Amino acid sequence: MFISFLKRCILSGVIGTSLIINMTSGIVNINAEAAPDTYHDDWLHVNENAEIVDMNGNPVWLTGCNWFGFNVGSQVFDGVWSQNMHSMLQQIADHGFNFLRVPMSTEILLQWKNGDPDPAPPKVNEYTNPELTLEGVEGGTVMYSFDIWNQAVEWCRELGIKIMIDIHSAETASAGHQVSIWYTDKFSTEDWCTALEWFADYYKDDDTILAIDLKNEPHGTADTPNIMAKWDDSKDPTNWKYAAETCAARVLAKNPNLLIMVEGTEVYPKFEEGADWNSQNIDYSRYPYSYYHHT
């Protein structure tokens with residue numbers, strides 16, 4: 001497995017398309033010893049030079065792509081409604097990608113954790129995807145979404161593709177990414193942490209699941225301060241720094257080998273001009289002057 005994955009890696013470099021981290025973000029990792037075997041020899045960690053390296057300290061280049069679906073209500077990757085999922089994963093590998101970012105929602109992870117039924121059948125073309133039916137035949141009964149997901153994990157393992165999930169939104173929704181923070185009135189911060197703890201624990205013995213991106217693009221501005229993701233030393237509900245550190249610690253307690261990705265916030269105050277997180281967004285007397293840097 002180690003060779004299968006690393007043959008797709010280029011020594012030294014930066015993370016690929018899906019991991020763009022700005023100045024208010026960070027990478028949280030606890031370097032743990034992992035016994036080298038079929039499912040434990042590819043764990044990565046961050047060294048003192050902020051490089052992502054393998055268990056032997058060799059820098060690696062992760063070439064990533066992103067595939068939606070599990071976060072929007074399809075209960076499967078988008079496009080599997082017409083194409084064969086195994087074939088599309090093969091195409092990803094053939095194009096040189098070794099890292100797949102998969103947007104999820106807190107809602108679907110809790111559904112899987114609790115064994116709740118799919119709210120609607122996964123959008124799978126059962127004729128082009130007989131492997132994803134209970135009977136294993138064209139036109140069969142489509143599997144449960146978690147079983148489909150685990151089939152994707154198995155195929156990624158065989159193809160040398162590593163996986164990073166991200167919480168794209170608390171609720172499963174096609175426009176969930178527009179919600180600025182990681183919780184809603186339906187799914188709390190505690191729900192978010194619980195879902196990711198369960199996920200980390202479930203796959204702790206499979207290095208195909210290499211990383212978790214805690215929340216896609218936490219954002220918001222001071223025009224709506226109650227839903228603005230901020231970054232300070234408070235324990236306020238909207239403080240992304242505190243939430244990310246807390247959740248990361250809980251996840252790493254389940255699997256200390258994971259890479260935890262923490263994206264930055266949309267804005268941060270112009271501290272050099274006396275602004276802080278309580279400042280208004282725009283000074284209309286000097287329009288369009290803003291008290292915040294926008295990233």
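Is Lys 241 buried or exposed? Lys 241 counts as buried, at 19% relative accessibility. Buried here means under 20% relative accessible area, exposed means over 50%, and partly exposed lies in between (1.4 Å probe, protein chains only).

The model is predicted, so local features need pLDDT of at least 70, side-chain atom pairs count only at pLDDT 80 or more, and totals for chains, interfaces and linings use all residues. Residues are numbered from 1 along each chain as its sequence is written, and side-chain values use heavy atoms, with hydrogens and water left out.

The protein has six helices and ten strands. Helices (H or I, at least four residues) and strands (E, at least two) are DSSP runs, numbered from the N terminus. Of the 295 residues in the protein, 53% are buried. The exposed surface is about 13,200 Å². Carbon and sulfur atoms supply 52% of that surface. Accessible areas come from the Shrake-Rupley method with a 1.4 Å probe; for residues, only the protein chains shown count as cover. Contacts were also sorted by separation along the chain, with contact meaning heavy atoms within 4.5 Å. Among contacts between residues at least 6 apart in sequence, 69% join residues at least 24 apart.

Strand β8 spans residues 259-262 and is covered on both faces. Leu 259 and Met 261 are buried on one side. Ile 260 and Val 262 are buried on the other. Strand β7 (residues 209-213) runs parallel to β8, and three bridges join the two. Two strands pair if DSSP finds at least two bridges between them. Within this pairing, Asp 213 stands opposite Met 261 of β8. Helix α6 (residues 240-254) completes a right-handed β-α-β unit with β7 and β8. A crossover is right-handed if, with the strands pointing away from the viewer, the path from the first strand over the helix to the second runs clockwise.

Charged pairs were examined next. Side chains of opposite charge can pair when their charged atoms come close. A salt bridge is a side-chain nitrogen of Lys or Arg within 4 Å of a carboxyl oxygen of Asp or Glu. By this rule the count comes to 14 salt bridges. One of them joins the side chains of Lys 162 and Asp 42, at 2.9 Å from N to O. Lys 162 lies in strand β6 and Asp 42 in the loop between β1 (26-28) and β2 (45-46), so the pair ties together parts that are 120 residues apart in sequence. Lys 162 is buried, with a relative accessible area of 1%. Asp 42 is buried too, at 1%.

Lys 204 and Asp 201 also meet through their side chains in a salt bridge, at 3.0 Å from N to O. Lys 204 is partly exposed, at 33% relative accessibility. Asp 201 is partly exposed as well, at 31%. Lys 241 pairs with Glu 245, and the closest N and O atoms of this salt bridge are 3.3 Å apart. Lys 241 and Glu 245 are four residues apart in helix α6, so about one helical turn separates them. Glu 245 is partly exposed, with a relative accessible area of 44%. Elsewhere, salt bridges that share partners link Arg 101, Asp 166, Asp 213 and Glu 263 into one network.

Three loop residues were also analysed. Asp 206 sits in the loop between α5 and β7. Asp 206 is buried, at 8% relative accessibility. Its C-alpha atom is separated by 4.9 Å from that of Tyr 39, although the two residues are 167 residues apart along the chain. Residues up to four places away in sequence aside, Asp 206 touches Tyr 39, Trp 43, Val 153 and Arg 157. The side chains of Asp 206 and Arg 157 are joined by a polar contact of 2.4 Å. A polar contact is a pair of N or O atoms within 3.5 Å; within protein, one must be able to donate a hydrogen and the other to accept it, and residues adjacent in sequence count only if both atoms are side-chain atoms.

Thr 184 is found in the loop between β6 (162-169) and α5 (189-202). A polar contact of 2.7 Å joins its side chain to that of Glu 171. Ser 279 lies in the loop between β9 (267-269) and β10 (292-294). Ser 279 is buried, with a relative accessible area of 15%. The side chain of Ser 279 reaches the backbone nitrogen of Asp 276 at 3.0 Å.
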